[in-house]
Amino acid sequence: MITDSSKEDISYGETDLIDDPASGHFLCNINKSALTEEIETNDTCSESNSDVFLSVFFRKGFLGASAYDIETSELFLLNDIVDPGPEFRTLTTLFIQLKPTHVITCSSLAQTFVQRVCKLFRRGEDEDTSPESAQTMNCLHFIPSKEFNYENSKRKVLSLKLPSEPEDASADERKTFIMSQINFQGKCLVSSLGGILCYLQRSLARLTLSRSDMFISAINNLSLNDLMWVDEETFHGLQVFSPVTHPSLYKWSSNDSKDGISIFSLLNRCKSFLGTKFMRVMLTQPSKNMKTLLTRQQVVSFCLLSKNEQDVKILGDHLQDIKSVVSFVSRSTNGQATVSQWKTFYKTISSAVLIAEHCKSVEDDIDFFQEIGAAMNDSLHVIVMSINHMIDFEQSEIEGRLVIKSGISDDLDKVKEDHSNIPIMMSSVAELELTNLPEYIKYISMVYIPEIGYMVSIPYWDMNLTEEDLRKVPGLDFKFHANKVAYFKSARCYELDKNPGDLKVDMMEMESKIILQLIQYIQQNMEYLVKLINLLAELDCLLAFSFVARDYNFVCPELVDGRIIEIIKGRHPLQELCTMSFVPNDTVSNDEQGVVKLLTGPNASGKSIYLKQVALIAYLAHIGSFVPAESAKIGLLDHLHSRIQSVESMTLHLSSFMGDIRQMTMSLHNSSPTSLIIIDEFGKGTDECDGIGLLAACVQHLLERKDLCPHVMISTHFNSLPDLLTPSSLLSLQTMDYIITDNGEIVYLYKLKLGMAGSKFAIQVGTTQNVPKSITDRASQILEAMSHHTVIKADLSNRRIDNHRKKRNYFEKLALLDIDKVSLQEEENLTKEFNNLCELE
C-alpha cells in the first residue's frame, strides 16, 4: 500500500515513537486544544462576572476614576468631579454601579479617602480598614504615588493605541486624536489612568495568558449625573437582587450569579448572556434622564402591539446568537481562536447585521431602532461577506484549522492543486524506488513527515534484522526504525524535499496571511462592532421588559418633572406572584394631598409590602420598565432611600439600631424635593420613648423643609407619633383596613384608607398564628393592668409555678414530721407523693 501522510495525519503518538521529543509536542497540542475548547465553552455558557479593574485618584476635593473591563476590553472614564468626604457619595456610587473585582489607588492620598475605599471594597469582610490589611485581600492594590504623577500619567496615556485611530498618522496627529478622546484638563482622571495603565501593563500577560498589550475596544465616559442614586441597602431591602449560593460547599462560588425571588429574576428573560449581563447594569443604574427612559418605553410599547409580534419573534431569534466578540478578537490575533469560535463570531456578527437591517426596515418611528440602524456600518457588511466567502467551515471542522475556500487567491489555489496531486506523485516515486531495490524487499511505501520530509518506509522483511542490516540496503540512506518499520532517504526523496517541498506548510502560511488580513480589518472596525453589540444587549433587555409587561399586566408609567407620585391600583411585583389574590392600593403624593405619609395598622396587615410596592413602582419606572398598576404618573426622582431592613454587623461595629440610625442619617442628608424616602418601623431597636422621640424629630425636620420636603412614606407602631408633630398640610395619616370577627379574631383587608389604627392587635395576631391560649390570655391581663396603671399580679395558674408550690408544701410538711413516729402507711403515702412530684416536670 502506498500512503501519503499529510501534516495533520502524522502523529508520532499513534506510531508509538514515544522516545521522540515530537511525541510530547503533539500531546501538548492535543491538551492545549482541549483546554481551548473548555475555555470557549466557559466563555459562551458561563454567567460569572468578568474582571473589572477600577483606578481612583482623589486630590483637593476632586475625584477622577477609570475602569477597564477585561472581557469586553472597554475603558470607562469618569471626569474630575467634586466628591466631598467623608461620605464620598460619588465614589460609593461608582462601586455600586461597576462592582469592581480589583481596585488600584495610592496609599498616600487623604486618609479618609483611603479608608473609604477599603471599606467599600471590603464590604464588611474584615475589621481593619487600613491599607496594610486591605492589601492582603490580593484584590485591592496600592501602587507608588509616582505612578499617579500627572506628567508621567500623561505620557502613558499618549502612548496608548486607541480604537479607530488614523492609520499611518504622525506623532502629532496621534496626540491630537488621543486628546480629542480623553479630557487632559481633568488631572485626577489622567492620574487614575496612569495608575491603571501601570498596573495592567505589568500584569496583563499573567492575567490573560494570551496577550501582553492593553487592547482597548472602546472608550466610554461615565456620567453619574443622569443616575437615580440608590444605596446598596435599598437594593437589598427591595429585593432587586437576591443572590442564592449553591448549598454544596464544593460548588459554592463567590461570583455565583443565580438569583432567588428578585426583581432581576422576574425581569431577566433575555435571549443572550450579554443581555443578562446588561440587565444587571440597567438594574444597578436607574436613570433620571427623560429621553433615555422614554426611548426604552417606546420600544417596550412597540413590542406589546399584536401587529408587531412577528418582528419581535425575528429579533428574539437572532438575539440568541449574539455573543461577546472582544475576547474572540484577542484570541484570533494571537492565533488561539478555534474553528468553533470563528463560527460563533460569524454567527454573532451576521445576526447583528440582520437585526440592524431589520430595525431599519421597521415602519414605526422608533428612536432606539433608528439608533441601532445608524450603528450599522458598511465595514460590518464587509466582515460578514468576507468570512462567508473566504472560510470553508465544513472543511475547517474536518481539518481542525481554518481553511480558505477556492477562488480567493490564485497562488493558493495553485498550491492546493499541487498538494492534491502529491498522492499520485508519491505512488509513482514508490514504484520507481521498488524497481531499484533487491528482490527480497517486496513492499514499500512513500510517507511524508513534517520537519523531516519525504521518506521511503519498508516493513521488516526479516524479523531478526539488525540496524547494521538496515544500513546495507543499496541506494537508500537509513534514518530510523520503529514498530518493525524502517525509514530511509533516497535521492528522489531529497529531490522531492526541494521540489515540491512542504506544500502543506506553504499552503497553511498563505492561508494564515489571508486570515491575518481579515483579523486586522476586524480590529480596525471593532469600535462599530462593539457599539452595535452593546445596543443589541440593551435591546435584549427591552424585549424582556415587554415579555414581563405582557404576562403580568404591567402598564406604561407617565414620566413627568415635578414632585408627584400618583399610582392607581398599584401592586407589589414579587408579592403578587406568591399569593392567590393580591389587593391593589392607590398612592397619591403631591403638593395638594401631602408628600409625607404616616402609615399605621395592625401587625402583618401589609404595611411593609405597601411601602416596598411604592418604592419598586418608582424604581421600575426609572429603568424604563412598565410597572404593576392600572396607571401611574411618576415625577423623576434623584434619590431613593430606605430604612427597611436592619443591618447588624460585628465587623463594622454596628448594632442593628446603629445601622438604622446610619441609614436614616444618609436619607436626611442626601435627599431633595425629588427624592423618595421609605421608612419602615424606625426606632423599634431601642427604648420606646427614645425611638418615638428620634422618629418624631426626623419627621418634624422633613416637614419643616416645606417646599423642599421629599416624598416620605413611614410605617410605624407608635400610634402617638402624630401628637408629637406640628400640624402640616404636607402630612397625611393612613392605615391598613381590617375587621374583627365576633370571636375576636382579626381579618386583614390589606386596603389602604385614611386615618389611624386604634390598636396594634398584637394579641389577636398571636391568636391567628396559633400562639397558646394561656399565653395570649396572660398577655391580655398584663395589657389591661398596664392600661389601668394597676399592679401586675403573678400568674398563679401557671403550671410551673403551681408545681413549685406543691413541691415546697411537700418539703415543708416533711420537715415537720417526727421520723420516729411515722407509721408504715404514712411512709408509703409520702413515697407515692414524692414520686408524683418527680413526674410533674
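Me: How many Å does helix α10 reach from its first C-alpha to its last?
Reply: Happy to start there, with the note that this is a predicted model. Helix α10 covers residues 273-284, which is 12 residues. At 1.5 Å a residue, 16 Å is expected. The helix comes close to that, reaching 17 Å.

Me: Which elements cover the buried residues of α10?
Reply: The residues to be covered are F273, L274, G275, T276, M279, M282, L283 and T284, the buried ones of α10. Their cover includes α2 (89-98), α8 (232-237), α9 (263-267), α11 (290-304), α23 and α24 (607-621).

Me: Are α12 and α23 parallel or oblique to each other?
Reply: Good one to look at in the model. Helix α12 spans residues 309-319 and helix α23 spans residues 526-552, and their axes come within 11 Å. Those axes cross at roughly 130 degrees. The two helices are therefore oblique.

Me: What is the handedness of the crossing where α12 passes α23, and how many residues of the contact are nonpolar?
Reply: The crossing is left-handed. On the α12 side, V312, L315, G316 and L319 make the contact, while α23 brings L536, L539, D540, L543 and F547. These residues divide into 1 charged, 1 polar and 7 nonpolar.

Me: What percentage of the contacts with a separation of 6 or more in the protein chain is between residues 24 or more positions apart?
Reply: Stepping back to the whole chain, there are 30 helices and 21 strands. Of its 841 residues, 48% are buried. For contacts with a separation of 6 or more, the share from residues 24 or more positions apart is 69%.

Key
Residues numbered from 1 in each chain as written. Predicted model: local features only at pLDDT ≥ 70, side-chain atom pairs only at ≥ 80, totals over all residues. Heavy atoms only, no water. Axes fitted to C-alpha atoms, helices over the stretch in contact; angles between N-to-C directions. Helix = DSSP H or I, 4+ residues; strand = E, 2+ residues; numbered from the N terminus. Parallel < 35°, antiparallel > 145°, perpendicular 65-115°, else oblique. Left-handed = near helix turned anticlockwise from the far one by under 90°. Contact = heavy atoms within 4.5 Å. Nonpolar A, V, L, I, M, F, W, Y, C, P; charged D, E, K, R; others polar. Expected span 1.5 Å × (residues − 1). Buried < 20%, exposed > 50% of the residue type's maximum accessible area, 1.4 Å probe, protein only.
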